[in-house]
Amino acid sequence: MSNFTNAAPMEGLLLCNRNGTLTPVTGLLAARGVAPDLNSIQLDPVDDRVWIGGITASAGRVDTLRIIGSAVANFTVVGNTGNGGSISGIAHDANGNAVASSGSITGTGGLFRIDRKTNLITRFVGGGSWTGQVGTCNCVCSDDFGNLYFGVTGAPA
């Protein structure tokens, strides 16, 4: 669970068990070098990585980590979408690549594919050629076949 703009130690990344007990994951601030302001989190379908996306101080940033016990391990800075928007959602495509939603879909935002082997971030939905709903690309998910679904805020909703 991500929890931002809260008081320490309950800010950043929390482990939540089936009973609802929350345990802070330690070491995130030291590993990232910026505030633990996470707006999205997704478990990797292939290995034991956790993908996280930032907001505010780390807008547009995507990182991965592993958790050992309740501490951050194997932290990796993946990259940045470069659009200055919050990473509002993370899902995975049929090939296990991460897909992040972020920012104004008609501007510099949209959906971004993050290659799981190279960490190359490429926008593949959005920009000047977008003819759908105008607004913020605000969420993304995938089904068991790897099909992607995303939402865009705005009017008409």
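What percentage of the 157 residues of the protein chain count as buried? In this predicted model, the share of residues that count as buried is 43%.

## Overall fold

The protein chain is built from 1 helix and 13 strands, and, read from the N terminus, its elements follow the order β-β-β-α-β-β-β-β-β-β-β-β-β-β. Its radius of gyration is 15 Å, close to the 15 Å that the globule rule gives for 157 residues, so the chain is as compact as a globular protein of that length. Taken along the principal axes, the box filled by the C-alpha atoms is roughly 45 × 30 × 30 Å.

Of the contacts between residues at least 6 apart in sequence, 39% join residues that are at least 24 apart. The exposed surface of the protein chain comes to about 7800 Å², and carbon and sulfur atoms supply 54% of that area.

## The largest nonpolar core

In soluble globular proteins, nonpolar side chains tend to be buried together. Here the largest nonpolar core has 10 residues in all, namely Trp51, Val62, Val78, Ile87, Ile90, Ala98, Ala100, Phe112, Ile114 and Ile121. The elements that each contribute two or more residues to this core are strand 8 (87-92), strand 9 (98-102) and strand 10 (110-114).

Isoleucine 87, one of the core residues, shows which parts of the chain meet at this position. When residues up to four places away in sequence are not counted, isoleucine 87 touches Asn39, Ser40, Gly53, Gly54, Gly60, Arg61, Val62, Thr81, Ala100, Ser101 and Ser102. Val62 and Ala100 thus appear among its contacts, and both also belong to the largest nonpolar core.

## Salt bridges around arginine 32

Side chains of opposite charge can pair when their charged atoms come close, and the structure holds 11 salt bridges. Arginine 32 takes part in a salt bridge with aspartate 63, in which the closest N and O atoms are 3.1 Å apart. This pair links distant parts of the chain, with aspartate 63 in strand 6 (residues 61-68) and arginine 32 in helix 1 (residues 28-32), 31 residues apart. Aspartate 63 counts as buried because its relative accessibility is 0%, under the 20% limit, and arginine 32, with a relative accessible area of 5%, is buried as well.

Arginine 32 also forms a salt bridge with aspartate 37, where the closest N and O atoms lie 3.5 Å apart. Both residues of this second pair, arginine 32 and aspartate 37, are buried.

## Other charged pairs

A further salt bridge connects arginine 113 with aspartate 115, the closest N and O atoms being 3.6 Å apart. The two partners fall into separate accessibility classes: arginine 113, at 30% relative accessibility, counts as partly exposed, whereas aspartate 115, at 17%, counts as buried. Elsewhere, salt bridges that share partners join Asp44, Asp47, Asp48, Arg49, Arg66 and Arg116 into one network.

## Cysteines

How many disulfides does a search of the whole structure find? The search finds 0 disulfides. Cysteine 139 is in no disulfide, and the nearest cysteine sulfur to its own, that of cysteine 141, is 7.0 Å away; since a disulfide requires cysteine sulfur atoms within 2.5 Å, this separation lies beyond the cut-off. Cysteine 141 is likewise in no disulfide, its nearest cysteine sulfur being that of cysteine 139. Cysteine 139 is partly exposed, with a relative accessible area of 39%, and cysteine 141 is also partly exposed, at 41%.

## Loop residues with positive phi

Threonine 56 has a phi near 55°, which is a positive value in a residue other than glycine. Threonine 56 sits in the loop between strand 5 (50-54) and strand 6, and with a relative accessible area of 65% this residue is exposed.

Asparagine 119 likewise has a positive phi, near 65°, although it is a residue other than glycine. Asparagine 119 is found in the loop between strand 10 and strand 11 (121-125), and its relative accessible area of 21% makes it partly exposed.

Notes. Residues are numbered from 1 along each chain as its sequence is written. This is a predicted model: local features need pLDDT of at least 70, side-chain atom pairs count only at pLDDT 80 or more; totals for chains, interfaces and linings use all residues. Side-chain values use heavy atoms; hydrogens and water are left out. A salt bridge is a side-chain nitrogen of Lys or Arg within 4 Å of a carboxyl oxygen of Asp or Glu. Buried means under 20% relative accessible area, exposed over 50%, partly exposed in between (1.4 Å probe, protein chains only). Helices (H or I, at least four residues) and strands (E, at least two) are DSSP runs, numbered from the N terminus. A nonpolar core is a set of buried Ala, Val, Leu, Ile, Met, Phe, Trp, Tyr and Cys residues joined through side-chain atoms within 4.5 Å. Contact means heavy atoms within 4.5 Å. The radius of gyration is taken over C-alpha atoms; the globule rule is 2.2 Å times the number of residues to the power 0.38. Accessible areas come from the Shrake-Rupley method with a 1.4 Å probe; for residues, only the protein chains shown count as cover.
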